[in-house]
Every structure is written in C-alpha cells, then in structure tokens.
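These are my notebook entries from a session spent looking things up in one structure. I wrote each one down as I went, beginning with a loop and ending with the ligand.

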Amino acid sequence: MTVLTDPFVSKKFSLKNRLVMPPMATGKSDDGKVSENLLAYYDEKTKGGKIGLVIVEHEYILAEGKASENQMSVSDDSDIEGLKKLADVIHANGSKAFLQINHAGGKAVIKEPKSAGAVEFARRNEPAVLAKMMTQDDIDHVIESFAKSASRCKAAGFDGVEIHAAHGYLLSQFYSPLYNPRTDAYNGTTIEGRTRLHCEVIKAVRRAVGEDYPVAIRFGAVEDLEGGAAAEEAPLAAKRFEEAGADLIDVSGGMSGYIRPLVKDAGYFRNETDAIRKAVNIPVITAGGIETREQADELLASYQIDLIGVARAILKDSAWAEKNMD
Ligand SMILES: Cc1cc2nc3c(=O)[nH]c(=O)nc-3n(C[C@H](O)[C@H](O)[C@H](O)COP(=O)(O)O)c2cc1C
C-alpha cells in the first residue's frame with residue numbers, strides 16, 4: 001500500500017516522497033521582488049529536505065493581475081535573478097520546487113479590473129467593484145503573459161510551473177457559470193467555453209517551456225455555490241487540461257475558495273480528486289484539511305490520489321515534515 005514516504009515517479013518528474021507543500025501567499029515580497037525575508041521563510045520551511053515538492057506561492061504575471069500587496073512578481077525578466085535565489089534555497093535543502101503563476105482577474109487590486117464578464121467583485125473594507133469584460137486582445141495578452149512567465153520560472157531553475165486556476169482568480173472566473181456571462185468561444189455555458197482559456201494557456205505555456213518541462217494546473221474543481229461549477233463536470237474539464245498538455249492536476253476549490261464549510265474531514269476535495277484521477281492518465285494532488293501522517297496515508301490508501309498537500313499544518317509548524325516523514 002502506498003504511503004506518504006514512498007517515492008513518486010511520473011513521465012516528466014520524480015519526487016523523493018509524496019508530500020507537497022502547497023502554495024501559500026506570504027506577503028513577504030518587496031515591490032514584487034524576492035526579499036531576504038522570503039528566502040529565510042522558504043529556508044526554514046524546507047530545512048531537513050523532507051518535503052518532496054514545494055509549490056511556491058502565486059506570483060503575478062501582469063501588474064493588472066496582481067492579487068495583493070507584497071505579492072511576488074514573475075511579470076518581468078528582472079524578476080528572474082531573485083527567483084533563482086529562491087529556487088536555489090529550496091534545492092539546497094533537498095526539495096524540488098515548482099512556481100505558481102497567476103492572474104487575479106476581477107479580484108486584482110487595481111481600480112478597473114478585468115474579468116470574463118462585467119461582474120461585481122466584493123472587496124475587503126471597500127465597496128464592490130464592477131469588472132470590465134475582457135476583449136479578445138486582453139485575452140491574448142493574458143495568454144502570452146502566462147507563457148512568458150512560465151519561461152521565467154524555467155530560466156530561474158524551478159523544476160516546473162503551476163498555472164493557478166482555482167480560488168476565484170481569473171481562470172476560476174472563466175470556469176464558473178456564475179462569473180462567466182460570455183456568449184463567445186469562452187462562454188460560461190459549455191465545458192468547452194469555460195475551459196477554453198485554460199487550454200489555450202496550457203498550450204502557450206507548453207510552447208514556451210518545451211515538451212519535457214512539467215506543467216501543472218491548480219484546478220478549482222468545484223464550487224459550493226448554487227449554480228456554480230459542479231463536481232460531475234470536473235473530470236471532463238480535467239480531461240481537456242490533459243489533452244492540452246498538462247502533466248499534473250492539483251485539485252482544490254473554485255470561486256468558493258480552498259475551504260469547504262460542509263466538508264470537515266481531511267482531504268476536503270478527496271472525492272473530486274479521485275474522480276478526476278480516474279478520468280486522466282496524469283498524476284493528481286489533493287489538499288485541504290490534512291494535518292496528520294495518518295490522514296495522509298489513509299487518503300493515499302483509499303482514493304486514487306498520487307500526492308498529498310499539507311499547507312496550514314506546515315505553516316504553523318516548520319518541523320511538520322521532520323516529525324512525520326520517517
Ligand atoms: C495563508 C495562505 C495563503 C495561501 N495562498 C495560496 C496561493 O498563493 N495559491 C494557492 O493556490 N493556494 C493558496 N492557499 C491555499 C493552500 O494552498 C491550501 O489549498 C489550503 O490552505 C488548504 O490546505 P490546508 O488545509 O492543508 O491548509 C493559501 C492558504 C493559506 C492558508
């Protein structure tokens with residue numbers, strides 16, 4: 001039976017074990033650049049080398065897609081130098097590292113954000129903002145920027161790139177029937193329309209990084225919202241991502257985020273992850289509510305899941321992996 005300490009091998013990448021530290025925004029960047037503070041944080045988290053794969057927190061691919069203050073940037077070639085240092089710190093400690101790339105769409109912290117449609121987005125401590133509908137030129141620019149950012153990840157020495165398509169950001173917005181009112185090829189009514197941008201981004205990223213470089217997608221597979229993305233649709237979408245060239249699907253939630261008010265057991269998205277894995281021939285990660293080694297092993301044993309993400313437990317205790325990976 002597979003356990004968390006077992007090595008993992010797939011077509012494009014291999015890991016010393018099945019433990020993943022999922023992306024967690026730290027807000028420790030200075031002006032988009034990698035700060036000393038950030039290097040120290042990732043050094044502390046990866047010391048001892050017991051985490052198989054670290055997926056570094058989301059970086060913005062364009063200034064107009066910035067999700068929060070003090071978020072790291074991968075939007076410019078001048079970011080590569082700092083990102084190299086970050087990849088080096090994680091590698092020196094013995095873990096592999098992917099970098100997550102993101103566009104916040106209607107959730108961007110700018111005056112006039114753009115999204116799939118003219119939809120309202122709630123703001124913290126401020127009135128809601130009405131996003132503008134992206135034109136085809138806007139969409140093309142987003143696709144090109146994802147591709148350029150992925151090239152920067154590779155140039156910085158990361159072992160792979162993860163496209164953020166979860167937690168209510170731009171690609172989630174296109175996937176959600178509630179946030180995508182379009183009627184064109186990116187429409188919000190068919191799986192093809194809702195996943196078209198994802199597939200175009202995956203293909204452009206693939207062209208930019210080459211055949212052998214691992215490309216993951218963090219997929220907001222389900223929304224616990226009436227009329228939102230449904231669990232049954234997730235395997236169909238995942239199949240399309242695989243066909244477009246994705247190598248790994250990291251399963252989480254969509255517009256309703258990474259927590260599920262009605263699912264408290266470890267592995268909030270375990271059923272969706274399992275259903276996706278049965279539909280595709282590429283590995284999957286699940287994350288959400290996993291705090292103990294026993295929970296991780298139980299998920300690996302009982303579901304079709306390849307890799308386990310442990311986020312907040314590692315955030316709270318940097319020695320989590322040291323304590324649990326024997
Ligand atoms: C402080 C914090 C920041 C996060 N930032 C990101 C992020 O940048 N990208 C992302 O995909 N998920 C992000 N997440 C979600 C986590 O990757 C993970 O899915 C979530 O915390 C559930 O896993 P857990 O129960 O093990 O914490 C963040 C979570 C936390 C707590």
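**Entry 1: Asn125 and Arg124.** I looked up Asn125 and found its place in the loop between strand 8 and strand 9. I kept in mind that the model is a predicted one, and that every value I note here is computed from it. The phi of Asn125 is near 60°, which is a positive value in a residue other than glycine. I noted this down because most residues other than glycine have a negative phi. I then asked myself whether Asn125 is buried or exposed. With a relative accessibility of 81%, Asn125 counts as exposed, because the cut-off for that word is over 50%.

I went on to Arg124, which lies in the loop between strand 8, residues 120-123, and strand 9, residues 126-130. Arg124 has a relative accessible area of 77%, so Arg124 is exposed. I also looked up how Arg124 stands to Asp43: they are 81 residues apart in sequence, and their C-alpha atoms are 31 Å apart in space.

**Entry 2: Asp159.** I found Asp159 in the loop between helix 3, residues 136-155, and strand 11. Its relative accessibility is 23%, and therefore Asp159 counts as partly exposed. From Asp159 to Val215 I counted 56 residues in sequence, while the distance in space is 9.4 Å, C-alpha to C-alpha.

**Entry 3: Asp184.** The next residue I looked up was Asp184, in the loop between helix 4 (170-175) and helix 5 (191-209). Asp184 counts as partly exposed because its relative accessibility is 32%. I noted that the side chain of Asp184 reaches the backbone nitrogen of Tyr186 at 2.9 Å. Asp184 and Gln136 are 48 residues apart in sequence, and from C-alpha to C-alpha they are 10.0 Å apart in space.

**Entry 4: His167.** I found His167 in the loop between strand 11, residues 160-165, and helix 4. His167 is not a glycine, and yet its phi is positive, at about 55°. His167 has a relative accessibility of 12%, so it counts as buried, the cut-off being under 20%. An N or O atom in the side chain of His167 is 3.4 Å from a nitrogen atom of the ligand, and this took me on to the ligand itself.

**Entry 5: the ligand.** Which other residues bring a backbone atom to an oxygen atom of the ligand? I found Gly289, where a backbone N or O atom lies 2.6 Å from a ligand oxygen, and Ala311, where a polar backbone atom is 2.9 Å from an oxygen atom of the ligand. Taken alone, the ligand exposes 610 Å², and 89% of that is buried by the protein.

I then looked at the surroundings of the ligand, where there are 15 residues, and of these Pro23, Ala25, Gln100, Gly289 and Arg312 come nearest. The shell divides into 7 nonpolar, 6 polar and 2 charged residues. My last look was at the space that the ligand takes, and this is the second largest pocket.

Technical notes: Residues are numbered from 1 along each chain as its sequence is written. This is a predicted model: local features need pLDDT of at least 70, side-chain atom pairs count only at pLDDT 80 or more; totals for chains, interfaces and linings use all residues. Side-chain values use heavy atoms; hydrogens and water are left out. A residue is near a molecule or strand if one of its heavy atoms lies within 4 Å of it. A polar contact is a pair of N or O atoms within 3.5 Å; within protein, one must be able to donate a hydrogen and the other to accept it, and residues adjacent in sequence count only if both atoms are side-chain atoms. Accessible areas come from the Shrake-Rupley method with a 1.4 Å probe; for residues, only the protein chains shown count as cover. On a 1 Å grid over the protein atoms alone, a cavity is a set of points where a 1.4 Å probe fits but cannot get out, and a pocket is an open set with protein on both sides within 12 Å along at least five of seven lines; lining residues have an atom within 4 Å of a point. A molecule sits in a cavity or pocket if more than half of its atoms lie within 2 Å of its grid points. Ala, Val, Leu, Ile, Met, Phe, Trp, Tyr, Cys and Pro count as nonpolar, Asp, Glu, Lys and Arg as charged, and the others, Gly among them, as polar. Helices (H or I, at least four residues) and strands (E, at least two) are DSSP runs, numbered from the N terminus. Buried means under 20% relative accessible area, exposed over 50%, partly exposed in between (1.4 Å probe, protein chains only).
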